[in-house]
Amino acid sequence: GGGAQPAPVHSLSAVGGGGPWSGPLPDVVDAAGALRWTTPVASGQSSPILAGGRIFLTTYDGSAREMATTAVDANTGKVLWKQIAPAPKIEIYHPKTGSPAPATPACDGERLFVFFGSYGLICYDLDGRKLWELPMGPFQDEYGAGSSPMLIDDKIVLVQDHDIDSFLIALDRRTGKQIWKTARPDAVRSYSSPVVWNHNGR
């Protein structure tokens, strides 16, 4: 797994009413006039997010062995910026169904947080300037890292459960400084993202 593969042709598209984020979807997406724009992008398994009129997503180009974060104008589909995460080694992942870019970004309206298991956690401003990063990975896991970062109050929280050294970590979202880190010695190979659970006011 993890070998170089041809870069498939993918695209990010917008359909529908007055803006790409509002209005009903057409009954037939490929009907004439339904597609507002389409933009070629490299593959990835993260979900795109919308913030400040921009769409943010993470991708992986297998032929170039290149992981990237891309910002696209939500109205026009124009690529506004692309930042490469220059990992010296790409993590192992399932060659047919996996990707080194599975984690969905998080955004607080001012900062964008992206995670790659081959590189670590990166914080950009919305114009693509790197504010801070926390290098980590690759981890010992047959299928790579799949958990997405989550914003909780003033923290960015990330869980990484692998064959060894699993942990849950919270960082100051503005500075990247570690607030706490909890080892999870009994947790093995989990690919889900953390959620907040309020119980009895806690």
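**A walk through an all-strand chain**

Hi everyone, let's start with a sheet. Strands β3, β4, β5 and β6 form an open sheet of four strands, in that order, and the pairing is antiparallel. At its edges sit β3, residues 49-51, and β6, residues 79-85, each pairing on one side only. On average, neighbouring strands of this sheet are turned by 25 degrees against each other, ignoring direction. Please keep in mind throughout that this is a predicted model.

Inside that sheet, have a look at β4, residues 54-61, beside β5, residues 66-73. How many bridges hold this antiparallel pair? There are eight bridges between β4 and β5. If you would like one spot to find on screen, take leucine 57, whose bridge partner in β5 is threonine 70.

As a general reminder, strands of a sheet pair through backbone hydrogen bonds, and they can do so in a parallel or an antiparallel way.

Now let me step back to the whole chain. The protein chain has 14 strands and zero helices, so if you read the elements from the N terminus on, you just say "β" over and over. Of the 202 residues, 44% are buried. The accessible surface comes to about 10,700 Å², and carbon and sulfur atoms account for 52% of that. As for contacts between residues at least 6 apart in sequence, 48% of them join residues at least 24 apart.

My next stop is β8, residues 111-116. Is this strand mostly covered or mostly open? It is mostly covered, with six of its six residues buried. Arg111, Phe113 and Phe115 point one way from the strand, while Leu112, Val114 and Phe116 point the other way. Notice that Arg111 is buried along with the rest.

What does β8 pair with? On one hand there is β7, residues 106-107, which joins β8 in the antiparallel sense over two bridges. There, cysteine 107 stands opposite leucine 112 of β8. The hairpin of β7 and β8 has three residues between the strands, and in that hairpin glycine 109 takes a positive phi near 95 degrees.

On the other hand there is β9, residues 120-125, which runs antiparallel to β8 and is joined to it by six bridges. A hairpin through three residues connects β8 to β9. Leucine 112 comes up again here, standing opposite tyrosine 124 in β9. So leucine 112 is a nice residue to click on: it faces cysteine 107 as well as tyrosine 124.

Thanks for listening, and I'm happy to take questions!

Definitions and conventions. Residues are numbered from 1 along each chain as its sequence is written. This is a predicted model: local features need pLDDT of at least 70, side-chain atom pairs count only at pLDDT 80 or more; totals for chains, interfaces and linings use all residues. Side-chain values use heavy atoms; hydrogens and water are left out. Buried means under 20% relative accessible area, exposed over 50%, partly exposed in between (1.4 Å probe, protein chains only). Contact means heavy atoms within 4.5 Å. Accessible areas come from the Shrake-Rupley method with a 1.4 Å probe; for residues, only the protein chains shown count as cover. Axes are lines fitted to C-alpha atoms, for helices over the stretch in contact, and angles run from 0 to 180 degrees between N-to-C directions.
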